[in-house]
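Visitor: Got a minute to walk me through this one? I'd like to start with the charged pairs.
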Amino acid sequence: MNEALDSLLGLLDLERIEQDIFRGESRSALVPRVFGGQVAAQALVAAGRTVPADRTAHSLHAYFLRPGDPGAPIVYTVDRIRDGRSFTTRRVVAVQHGYPIFHLSASFQTYEEGLEHQAGMPSAPDPETLPTAAEMLPRHLPPDVAERLVQARAAVDLRYAEAPPWGTVGQPREPRSQVWFRTNGKLADDPLLHVCLATYVSDMTLLDSVLLAHGRGGWAVGDVVGASLDHAMWFHRPFRADEWLLYDQESPSAHGGRGLGQARIYTQDGQLAISVIQEGVVRVPRD
């Protein structure tokens, strides 16, 4: 396991300070606020630790309310909304400096047999043939920006199937993007951990397709400003976050300073594991 992944797992190992109250540490991202994927993953950890082990997460719905301060801990309060025969529902509020910064609702289910079908996996290049972030980013970004982005994502091996937004600035193209990802090291056999790490990664690239439609490079080059507004995920089938997952993303709409991204995440053998939808603020800076 590399040092960055070990550090990330440490961030997800929340301190329990009361029965349903947890505290997590933070670290800065590329922008001077806590990375949204970190808050979402930590909130899901807090919810999962109040749920019986035989119930796995099948959905989450969340709102990003205020920017998180990377210099301060975050307190997560879990509300036990419902414990039913098959489903368990939890609500989590993340608080910093006395104010809520994030709200999550998550549902967990016991395993059961049922009807089965799925959308087919789209074609994508073999991840092993694609350049790593350390190889690809310096081709498109200034050295200092590339290094910061590589460090921010060092816990994850994330590989673009095509050039990222900052690689085609000024060249609008189809609002679709594909990345392969897996953690940079093996993980324990804990389903909640794999779900939380996929949640963490899901906030990294989902709005890329919004940028591609307009030839914008994004936050890395400063030709847009933005932030995640809300985030929803449905976990359909078991998967491992330390094995290759294809994140197939597209943007059906941008309007009113907001952009919508939607995606499906597949295992390498073609199983549809996760569906994701996110809306974010995407604004062009004023001169």
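Guide: Start with D157 and R159, both of which are buried. Keep in mind that this is a predicted model.

Visitor: How do the side chains of D157 and R159 meet?
Guide: In a salt bridge, at 2.9 Å from N to O.

Visitor: How many salt bridges does a search of the whole structure find?
Guide: The count is 15.

Visitor: Give me another. What is the N to O distance for R173 and E162?
Guide: That salt bridge has 3.8 Å between N and O. R173 and E162 are eleven residues apart, and each sits in the loop between β7 (156-160) and β8 (176-183).

Visitor: Buried or exposed, what is E162?
Guide: E162 counts as exposed, because its relative accessibility is 54% and the cut-off for exposed is over 50%. R173 is partly exposed, at a relative accessible area of 23%.

Visitor: And which residue does D242 meet in a salt bridge?
Guide: K186, with 3.7 Å from N to O. D242 lies in the loop between β9 (225-235) and β10, while K186 is in the loop between β8 and α5 (191-205), so the salt bridge ties together parts 56 residues apart in sequence.

Visitor: How accessible is D242?
Guide: Its relative accessibility is 5%, so D242 counts as buried. K186 is at 53% and counts as exposed.

Visitor: Which residues are linked with K186 and D242 in a network?
Guide: D189 and R240. The four are linked by salt bridges.

Visitor: Okay, new topic. What does D190 do at α5?
Guide: D190 caps the N-terminal end of the helix. One of its side-chain oxygens lies 3.1 Å from the backbone nitrogen of L192.

Visitor: How many residues of α5 are buried?
Guide: 13 of its 15, so α5 is mostly covered.

Visitor: Pockets next. What is the volume of the second largest pocket?
Guide: About 810 Å³. The pocket is lined by 26 residues, and the closest to its centre are Y111, F235, H236, R237 and P238.

Visitor: Which elements give two or more residues to that lining?
Guide: β3 (55-64), β6 (99-110), α5 and β9. The largest share of the lining, four residues, comes from α5.

Visitor: Let's go to the N-terminal strands. How are β1 and β2 joined?
Guide: By three bridges, and the two strands run antiparallel. They form a hairpin with two residues between them. R16 stands opposite F22 in β2.

Visitor: Which residues of β2 are on the covered face?
Guide: F22 and G24. I21 and R23 are on the uncovered face.

Visitor: Why would a strand split like that?
Guide: In a regular strand, side chains alternate between the two faces of the sheet.

Visitor: What else does β2 pair with?
Guide: β4 (residues 74-83), in the antiparallel sense, over four bridges. In β4, V75 is the bridge partner of R23.

Visitor: Where is D20 found?
Guide: In the loop between β1 (15-18) and β2 (21-24).

Visitor: Is there a reason to call D20 buried or exposed, and which is it?
Guide: D20 is buried, because its relative accessible area is 17% and the cut-off is under 20%.

Visitor: What does the side chain of D20 make a polar contact with?
Guide: The side chain of R80, at 2.8 Å. Leaving aside neighbours within four places in sequence, D20 is in contact with T50, Y76, T77, V78 and R80.

Visitor: Last stop, β10 and β11. How many bridges join them?
Guide: Nine. β10 covers residues 245-255, β11 covers 258-267, and the strands run antiparallel. A254 has G259 as its bridge partner in β11.

Visitor: What about the turn in the hairpin of β10 and β11?
Guide: There are two residues between the strands. G256 in that turn has a positive phi of about 65°.

Visitor: And on the other side, how do β11 and β12 pair?
Guide: In the antiparallel sense, over nine bridges, with β12 spanning residues 272-283. G259 stands opposite G280 in β12.

Visitor: Which residue takes a positive phi in the hairpin of β11 and β12?
Guide: G270, near 95°. That hairpin has four residues between the strands.

Terms used. Residues numbered from 1 in each chain as written. Predicted model: local features only at pLDDT ≥ 70, side-chain atom pairs only at ≥ 80, totals over all residues. Heavy atoms only, no water. Pairing = 2+ DSSP bridges. Buried < 20%, exposed > 50% of the residue type's maximum accessible area, 1.4 Å probe, protein only. Polar contact = N/O pair within 3.5 Å; in protein donor to acceptor, adjacent residues only side chain to side chain. Contact = heavy atoms within 4.5 Å. 1 Å grid on protein atoms, 1.4 Å probe; cavity = no way out; pocket = protein on both sides within 12 Å on 5 of 7 lines; lining within 4 Å. Points joined across faces, edges and corners; volume = space filled by probe spheres on them.
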